[in-house]
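Me: I am new to this structure and would like a close look at a single part of it. Please take one strand as the starting point and work outward from there.

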Amino acid sequence: MANQRITRINEQMRKEISEIIRDGIRDDRIKNIMLSVTAVDTTTDLKNSKVFISVLQDDKRDEVVDTLNDSTKYIRKELARRINLRNTPELMFKPDDSIAKGIKMAKIIHELMDK
């Protein structure tokens with residue numbers, strides 16, 4: 001039962017954080033960068049959340065993650081306003097390579113199919 005609740009909370013947080021980043025953060029370091037919130041992993045006590053970010057430009061990935069970690073107070077405040085939870089978790093942004101790895105694998109498969 002608690003596992004389903006955490007799953008629903010993670011999905012709702014992923015959607016809301018994505019909107020907050022897209023609409024609310026006006027930092028020039030992430031303004032024209034393609035990024036995606038791929039997953040949120042929240043502890044069962046709702047104290048901490050890891051937010052996984054995928055950035056298509058590999059050279060900007062660390063800068064984007066650092067910028068988002070610098071903006072956690074604003075993002076957390078907006079998240080608390082949008083989602084009604086007793087405790088709004090502390091956010092920690094982490095890079096996620098899954099989309100880049102998927103693109104790389106698709107290219108390799110495409111090259112093998114052409115041979």
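Reply: Val51 is buried, with a relative accessible area of 0%. The model is a predicted one. Val51 sits in strand β2, a stretch that runs over residues 48–55. Its C-alpha lies 6.8 Å from that of Leu91. In sequence, Val51 and Leu91 are 40 residues apart.

Ile53 belongs to strand β2 as well. Ile53 is buried, and its relative accessible area is 0%. Its partner in space is Asp97, with 8.3 Å between the two C-alpha atoms. Along the chain, 44 residues separate Ile53 from Asp97.

Now step off the end of the strand. Leu56 lies in the loop between β2 and α2, the helix of residues 61–70. Is Leu56 buried or exposed, or something in between? Leu56 has 46% relative accessibility, so it counts as partly exposed. The cut-offs decide this: buried means under 20%, and exposed means over 50%. Leu56 also joins a nonpolar patch on the surface. The other members are Met34, Ile99 and Ile103. Together the four have about 360 Å² of accessible area.

Go the other way, to the loop before the strand. Leu46 is found between β1 and β2. Its phi is positive, about 60°, although Leu46 is not a glycine. Most residues other than glycine have a negative phi. Leu46 is buried, with a relative accessible area of 7%.

Where does the strand fit in the whole chain? The chain has four helices and three strands. From the N terminus on, the order is α-β-β-α-α-β-α. The chain holds 115 residues, and buried ones make up 31% of them. Val51, at 0%, is one of the buried residues. Along its principal axes, the C-alpha trace spans about 55 × 40 × 20 Å.

Next, the strand before β2. Strand β1 covers residues 35–42. It helps line the largest pocket, and so does helix α1, residues 2–24. Each of these two elements supplies at least two residues of the lining. The pocket has a volume of about 290 Å³. Which of its 13 lining residues come closest to the centre? They are Ile21, Arg22, Ile30, Lys31 and Ile33. By type, the lining divides into seven nonpolar, two polar and four charged residues.

Helix α1 leads on to the charged contacts. How many salt bridges does the structure hold? It holds nine. One of them joins Glu16 and Arg82, whose closest N and O atoms are 3.2 Å apart. Glu16 is in helix α1 and Arg82 is in helix α3, residues 72–82, so the pair ties together parts 66 residues apart in sequence. The two ends differ in cover. Glu16 is buried, with a relative accessible area of 13%. Arg82 is partly exposed, with a relative accessible area of 32%. The pair also belongs to a network of salt bridges, which links Glu16, Glu19, Glu78, Arg81 and Arg82.

Helix α3 has a link to a strand too. Arg76 forms a salt bridge with Glu90, and their closest N and O atoms are 2.9 Å apart. Arg76 lies in α3 and Glu90 in strand β3, residues 90–95, so this pair ties together parts 14 residues apart in sequence. Arg76 is partly exposed, with 28% relative accessibility. Glu90 is partly exposed as well, with a relative accessible area of 43%.

One more salt bridge is worth a look. Asp27 pairs with Arg29, and the closest N and O atoms are 2.9 Å apart. Asp27 has 22% relative accessibility, so it counts as partly exposed. Arg29 has 36%, so it is partly exposed too.

Back to the strand, then. Val51 and Ile53 are its two buried residues described here, with Val51 at 0% and Ile53 also at 0%. Leu56, in the loop that follows β2, is partly exposed at 46%. Leu46, in the loop between β1 and β2, is buried at 7%.

How values were computed: Residues are numbered from 1 along each chain as its sequence is written. This is a predicted model: local features need pLDDT of at least 70, side-chain atom pairs count only at pLDDT 80 or more; totals for chains, interfaces and linings use all residues. Side-chain values use heavy atoms; hydrogens and water are left out. On a 1 Å grid over the protein atoms alone, a cavity is a set of points where a 1.4 Å probe fits but cannot get out, and a pocket is an open set with protein on both sides within 12 Å along at least five of seven lines; lining residues have an atom within 4 Å of a point. Grid points are joined across faces, edges and corners, and a volume is the space filled by probe spheres set on the points. Ala, Val, Leu, Ile, Met, Phe, Trp, Tyr, Cys and Pro count as nonpolar, Asp, Glu, Lys and Arg as charged, and the others, Gly among them, as polar. Patches are made of residues with over 30% relative accessible area and no salt bridge: like charges are joined within 9 Å, nonpolar side chains (Val, Leu, Ile, Met, Phe, Trp, Tyr) within 5 Å. Accessible areas come from the Shrake-Rupley method with a 1.4 Å probe; for residues, only the protein chains shown count as cover. A salt bridge is a side-chain nitrogen of Lys or Arg within 4 Å of a carboxyl oxygen of Asp or Glu. Buried means under 20% relative accessible area, exposed over 50%, partly exposed in between (1.4 Å probe, protein chains only).
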